Amino acid sequence: MINSNEVSPVKMSNQQKQDIMKSILKEESMINITLKPLEQEVFLAEDPQAALLKLKCFQELINKERLAYAEHLAEVFELIGDDAYRNLGFILKQFVHDSYSIQLSIIRQLPILVEQIKKRQSGYAELKDHVLPFMSIFLQHQDVDIKKEVLTQLLKIAPFLIESDKVDIILAHLIEMAHDEKNNQNRMLAAETFGKCASLFSMKYCESYICGELLSLGIDLNEFVREKAIEQLPNLSVSLSQKCIELKIVPFFLQSCEERLLQIKNACIRSISGICKYARHDLKTSKLIPKYLEFFCDQNKDVRKTAYEYLGEFISTIKFTEKDQQQLETLLAYYQNQLDKNINMMGVDLVYKCAFYFPGVLQAISRNRWHMIQPLYGFLLKYPSDKVKISLAHSFHEVAKLLGPDLSKEHLITVLETLAQDKLQEVRNGIVLNLSKFISIFPIEERDYVIDLLLNFQKDQHKWRTRQIICTSIFPITRCFNNDTIFFHIAPILFKFCSDTVAKVRRKASKNVVHLVETFEEEGEQRTVILEQIRAFSHSKRFNQRQSYCWMCYKLFYRPDFEDLFFERLFELCRDPVQCVRLSAIIVIDKFIQKVGFSKERKYLKYLLIQFIDDQCQEIQLILTKYNFVIQKTKKKTLSCRSRNSGSSNGHLEDIPEFDEKIEQIRKSSGKV
């Protein structure tokens, strides 16, 4: 008797069984990428010849080791040098029949490898003879993910290729994939890539080949292929002439809009703004605007929702004239409908898109119609979504720029204060980042009230990221005020941040002190006070303030007066008892040497480097390795100097007369600061 609860086994064809096994093997191979326990780590060979031997005998390595070399192939090639590039073809061939994860890793390494190859004299020949044929093999791969990854990386390499090679390698393969009637995924991938690669080819190839192939895929029997083709029409339109857009793209697009399938209609709505951006104005008003308005009358609720979602983007692509007032009024009426609960309750994405494209809509309709969309702006500000508020904060200055000083002063000052006090840090950061752009629209005599906002921002000791962003924006902010305002208000804020409890804030603030020095170039009392304040950091008892002085010098050393004003105090900080201060100092000295070199006037720089020979800090020793030759040569001179001055050979470098003289000179002058 047969048990009714027992399920009979599913009958599968051999092809289905093979597909399942491939899927299982693919997932297992991906584990090697995502899961890497500590005990499974593999270390790459540091010796160039050993690393080259590993690549030549790649298939003899264990899987973990092969994966490690595949993931760092570009680094290994750079380590080995010319010998690796001479064996490039042989090395790449070994990856062709390897596992899925190793193939994927090696494909992702190719753009980095090409960056190194193109610097070589025979680089293009190596690229054409070895890398491109290797990638062509994988374009015939049965796995769609491998094909997609190869095409993605090939598009990154394509700008280095001449057009004939791009046609042979990329375009020829895409056309072959587009004509593969048995494989829907190949045609989908071809449609998606045609749009992405259009900008890489001249208009001749785009109009003669790519346009025709993409439009053919747009009438494919498979709806997913058609959807991909329609979505790529905006990317293709960038590289086409106005005539081609008028005669081919727009008629095809309007025909696609008549389809009843939801996914096709939504694809048309997502694409219409991109097409409208590159179409002639008469095509926009006569064909594209009426077609967009039809979407609002569609019976399907999802189509209407998508139409509302992309309405702001669509309006922002049109420059309305006096003849288009009726169409503008109709579009604005639908845009204002987003205040209706029945509309805005359709989802957060709809409201977010409305907020994101709000400046574009305002630019399209001009400030004269601000009163028509002002209620919608107020609604967006009160909408309970962090995503929407962040978007409004980052575009706030754009709205102010479009409205001008008078309307901004009347309507946006209270909005600025509200967003500046928002509990969400990303909202406050958006305001701070673009504060200088907002200030710049007002006359200089009306800008001082913004100083209060800066003072409020920097008061809260728990919001260190906000203080860091203020430091980043301090230079454009200083350009918005006169010297007195900068001296009495902004300079104290910046110097306070140089002593901040958070190192990232101190570093960012210190590197921006150079803008204060540049602002007060003319001799005077204010310049003297600024310079004394900077030097005071180098004399501080707190190590973090002495370190801030080193970071100040990081940017100051580019100035021609660096040596006269700041170098001597930096010189003494190289002997600081605190390691991080010494490290910061030698980093700046290192950059200074790279800029000016070892001239006769700065012989003491060589002896300064020797002072760090016995330093225990590894980072300092790493910097010194660049100057091994200089250090050894200087040490020989030092020994010969000591042999001539036997009475003073106490084993210290301070016995060198030239060095001692410079140190004494620095000590005397530093006492006067």
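This report walks through the overall make-up, salt bridges, one helix and the aromatic pairs of a predicted model.

**Overall make-up**

Let's start with the whole protein chain. Its secondary structure consists of 41 helices and zero strands. The chain has 673 residues, and 50% of them count as buried. Its exposed surface comes to about 34,600 Å², with carbon and sulfur atoms supplying 51% of that area. Contacts also reach across the sequence: among those between residues at least 6 apart, 67% join residues at least 24 apart.

**Salt bridges**

Searching the whole structure turns up 31 salt bridges. Three of them are set out here, each with its N to O distance.

| Acidic residue | Basic residue | Closest N to O distance |
|---|---|---|
| Glu65 | Lys54 | 2.6 Å |
| Glu149 | Arg108 | 3.6 Å |
| Glu126 | Arg120 | 3.0 Å |

Take the bridge between Glu65 and Lys54 to begin with. Glu65 belongs to helix H3 (residues 63–71) and Lys54 to helix H2 (residues 48–56), with 11 residues separating the two positions. How buried or exposed is each partner, Glu65 and Lys54? Glu65 has 14% relative accessibility, and because buried means under 20%, it counts as buried. Lys54, at 26%, is partly exposed.

The side chains of Arg108 and Glu149 form another bridge. Arg108 sits in helix H7 (residues 100–117) and Glu149 in helix H9 (residues 144–157), so this pair ties together parts that are 41 residues apart in sequence. Here the acidic partner, Glu149, is buried, with a relative accessible area of 15%, while Arg108 is partly exposed at 41%.

In the bridge with Arg120, Glu126 is also a buried residue, its relative accessible area being 9%. Elsewhere, salt bridges with shared partners join Glu521, Arg527, Arg559 and Asp561 into one network.

**A look at helix H11**

Helix H11 covers residues 184–197, and its length can be checked with simple arithmetic. At 1.5 Å a residue, its 14 residues should span 20 Å; the end C-alpha atoms are 20 Å apart, so the model agrees with the expected value.

What caps the N-terminal end of H11? Asn183 does this, placing a side-chain oxygen 3.0 Å from the backbone nitrogen of Gln185.

H11 is mostly covered, with 10 of its 14 residues buried. Those buried residues include Leu189, Ala190, Ala191 and Phe194, and also Arg187 and Glu192. Which elements do the buried residues of H11 pack against? Their neighbours are H9, helix H10 (163–178), helix H12 (203–217), helix H13 (223–231) and helix H14 (233–237). H9 is a helix we have already met, as the home of Glu149.

**Aromatic pairs**

A pair of aromatic rings is described by how far apart the centres are and by the angle between the planes. The structure has 25 aromatic pairs. In one of them, the ring centres of Phe77 and Tyr85 are 5.4 Å apart and the planes meet at 65°, so the pair is edge-to-face. Phe77 and Tyr85 are both buried.

Ring pairs also build a cluster, which links Tyr292, Phe295, Phe296, Tyr308, Phe314 and Tyr334.

Terms used:
Residues are numbered from 1 along each chain as its sequence is written. This is a predicted model: local features need pLDDT of at least 70, side-chain atom pairs count only at pLDDT 80 or more; totals for chains, interfaces and linings use all residues. Side-chain values use heavy atoms; hydrogens and water are left out. A salt bridge is a side-chain nitrogen of Lys or Arg within 4 Å of a carboxyl oxygen of Asp or Glu. Helices (H or I, at least four residues) and strands (E, at least two) are DSSP runs, numbered from the N terminus. Buried means under 20% relative accessible area, exposed over 50%, partly exposed in between (1.4 Å probe, protein chains only). The expected span of a helix is 1.5 Å times one less than its number of residues. Contact means heavy atoms within 4.5 Å. A polar contact is a pair of N or O atoms within 3.5 Å; within protein, one must be able to donate a hydrogen and the other to accept it, and residues adjacent in sequence count only if both atoms are side-chain atoms. Accessible areas come from the Shrake-Rupley method with a 1.4 Å probe; for residues, only the protein chains shown count as cover. Rings of Phe, Tyr and Trp (its six-membered ring) pair if their centres lie within 6.5 Å; planes under 30 degrees apart count as stacked, over 60 as edge-to-face and the rest as tilted.
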